[in-house]
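This report describes a structure with the help of computed values. Please look over the sequence and the coordinates first, then read on.

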Amino acid sequence: MIVLTVAGLTLREAFRRRVVWALLVLTVALLVLSGWGFSKLIGLDTDLGTMTSGEARLVASLLINLIMFGFSLIAAIGTAFLAGPTLAGEVESGQALAMLARPVRRSSVLLGKWLGLLTFGCGYVILAGLAQLLVVRAVVGYWPPSPTSGLALLAAETVVLLTLALLLSSVVSPMASGIISVGLFGATWVAGVVGGIGGALGNEGVERVGTVSRVILPTDGLWRGAMNAFQDPIALVQMGPGEGGFPFLSEAPLTPAYLTWAAVWIAVILGLTALSFQRRDV
Amino acid sequence: MTSETGALADLPPSPAVWCSGLRKRYGRRTAVEEVSFTVARGEVLGLLGPNGAGKTSVIKMLLGLVRPDAGEVLLLGRRASDPRSRSAVGYLPELFRYQPWLTPTEVLDLHVRLARADVTAAEREECLALVGLAGRTGDRVGGFSKGMQQRLGLAVALVARPELVVLDEPTSALDPVGRVDVRDIVLSLKARGVAVLLNSHLIGEVERVCDRVVILDRGRVAASGTLAELLGQREVRLRLAGVDGAGEDRLRAAGSLNRSGDWFTVQLASEDDGVTVPDLVRDLVGLGVRVHAVEPVRISLEERLLAVLRHDEPEAAPR
């Protein structure tokens, strides 16, 4: 009951603060632009000659990953900067005082905030991602092999990041929590790319950078799973094994063990946040 | 079992607030040390003290917002560690801020839901009208002045039918009219049997509405008691002529005596028995003393507070 009340309040904040409308405008602009770009792919003159519709679909499958990365970035930054002020900012401003003096458990308030942010972040990623897939299908006729799991993994990536931002916002200032979580998100992605290059060059040490970072913060791992679900399997065959470290192709789908680890990671971080918030003086 | 329940029901209700041995340290600085007091049901208790005396820390510990390092708190008979202890508690924080993207009506709706209280929309409207926000119910809180936000905070504290209201500096942002409104609200709460814990710098305000006062200084209870106990001595000042030895003896018999020229100040017992002063005047006249003036003198709470804080009290006040 309290959880749902707080979740509703968090969603209402996102709407009232015009976060939703800003994202909507940004997303529609991105969709229109990408639609226009994809339409130009067919019949494009390249050094290798005019691109056929088959080639265009292949390139589109790569470009989808690029655009999806854009969406996941928007969702990541959006939720991280919403999650930051939600705990630390409310404590700092005094907003938390009147609410926490009510007969509510702090863990319920936290869970409510998390649920609200989760609904917001996942809702955005799934709707914007689906819209993008439809645009690409309409323009070049490409439909990814497993769109549902791709969107679900993209949503999971958002959940990981917002959970991290919530933990940080329970211990550091609101702005710092947003910056650190987005910074870590970027760093893990770069580590993933570095790992990919290491793999392509056959250097195990460098490859391990990506593997370890994917375990510490599962955003990049989940993102690679999502890419694998969106991309055309022919693309991998054409690029050859190791895909040359190309950052917008993923070699293999995620293992159940990794998905389980991501779920455990979220639960552990949420538990730590609850513990830290419970002990915090407001 | 039934008889036990009956026996329990016959017991007097537990105090609104009971706290014992509260202690809080921030790093090496001690903010609160060994603070204990009680607020009875329907009682208005004033918390006084200079800046940094630990008043807000004590209030936050009572409400579970700050974890005490030691000590126990019971709110309305339940341990403060149990969130249900705050079911019937209304709180206006010193740092009052409410969701700026909501309207006052929505803020009250939120708090009614959080308190799981059954309060009708009409009652919520009434509550906003009581604090003077009737005309602003649909505006966003973000556009409110500080005074308006404090009024909203007062409505939030009152809306969920509280049995205990904690007001931390409730008039800090209010104009003189607002201050009078708060005083009236506190008095009406008292009349309805709602306990109030009032932290205010405005001593006059505290003196007008509080039954008892706790004075905190450097994190400790420096003095506490009812106003009569704290303000203790009543005095009477007399301007007299022709006072001889017998006259002075008669004055001393009424209480300890101070003389400054024609003016004699006699400290009386705290309770006014209604006869001491008239009898004294009658006896003085009988002894041939000419009585020009008789003035009662009451020590103000402010004087008493300053005396306690400057440690020039002759003896510890009753606790």
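## Positive phi angles in chain B

B:E34 has its place in strand 2 (residues 29–39) of chain B, where helices (H or I, at least four residues) and strands (E, at least two) are DSSP runs numbered from the N terminus. This is a predicted model, in which local features need pLDDT of at least 70 and side-chain atom pairs count only at pLDDT 80 or more, while totals for chains, interfaces and linings use all residues. Residues are numbered from 1 along each chain as its sequence is written, and chains are lettered from A and ligands numbered from 1 in the order in which they are written.

Most residues other than glycine have a negative phi. B:E34, which is not glycine, has a positive phi near 55°. With 14 C-beta neighbours inside 10 Å, B:E34 counts as partly exposed. A residue is buried if 20 or more other C-beta atoms, placed from the backbone, lie within 10 Å of its own, exposed if 12 or fewer, and partly exposed in between. B:L76, in the loop between strand 4 (70–75) and strand 5 (78–79) of chain B, also is not a glycine and has a positive phi of about 45°. B:L76 has 22 C-beta neighbours inside 10 Å and therefore counts as buried. A positive phi of about 50° is found at B:R116, just after helix 3 of chain B.

## Helix 3 of chain B and the contact between chains

Helix 3 of chain B covers residues 104–114, and its buried residues are B:P104, B:V107, B:L108, B:L110, B:H111, B:V112 and B:L114. They pack against helix 1 and helix 4 of chain A, together with helix 4 (121–130) and helix 5 (146–159) of chain B.

The contact takes 21 residues from chain A and 25 residues from chain B; two residues are in contact if their C-beta atoms, placed from the backbone, lie within 7 Å. On the side of chain A that touches chain B, the elements giving two or more residues are helix 1 (2–16) and helix 4 (95–100) of chain A. That side has 10 nonpolar, four polar and seven charged residues. Here Ala, Val, Leu, Ile, Met, Phe, Trp, Tyr, Cys and Pro count as nonpolar, Asp, Glu, Lys and Arg as charged, and the others, Gly among them, as polar.

## Chain A

Chain A has 11 helices and two strands. Its radius of gyration, taken over C-alpha atoms, is 20 Å. This is close to the 19 Å that the globule rule (2.2 Å times the number of residues to the power 0.38) gives for 282 residues, so chain A is as compact as a globular protein of that length. The C-alpha trace of chain A spans about 70 × 40 × 30 Å along its principal axes. Of the 282 residues in chain A, 46% are buried.

An unreviewed UniProt entry places the feature "transmembrane region" at several stretches of chain A, including residues 19–38 and 58–83. Such annotations may be inferred rather than shown by experiment.

| Residues of chain A | Helix | Strand | Distance between end C-alpha atoms |
|---|---|---|---|
| 19–38 | 100% | 0% | 28 Å |
| 58–83 | 100% | 0% | 37 Å |

## Nonpolar cores

A nonpolar core is a set of buried Ala, Val, Leu, Ile, Met, Phe, Trp, Tyr and Cys residues joined through C-beta atoms within 7 Å. The largest has 151 residues, and those with the most contacts inside it are B:L62, B:A155, B:L164, B:V196 and B:L198. Helix 3 (residues 53–93) of chain A supplies the largest share of this core, 15 residues.
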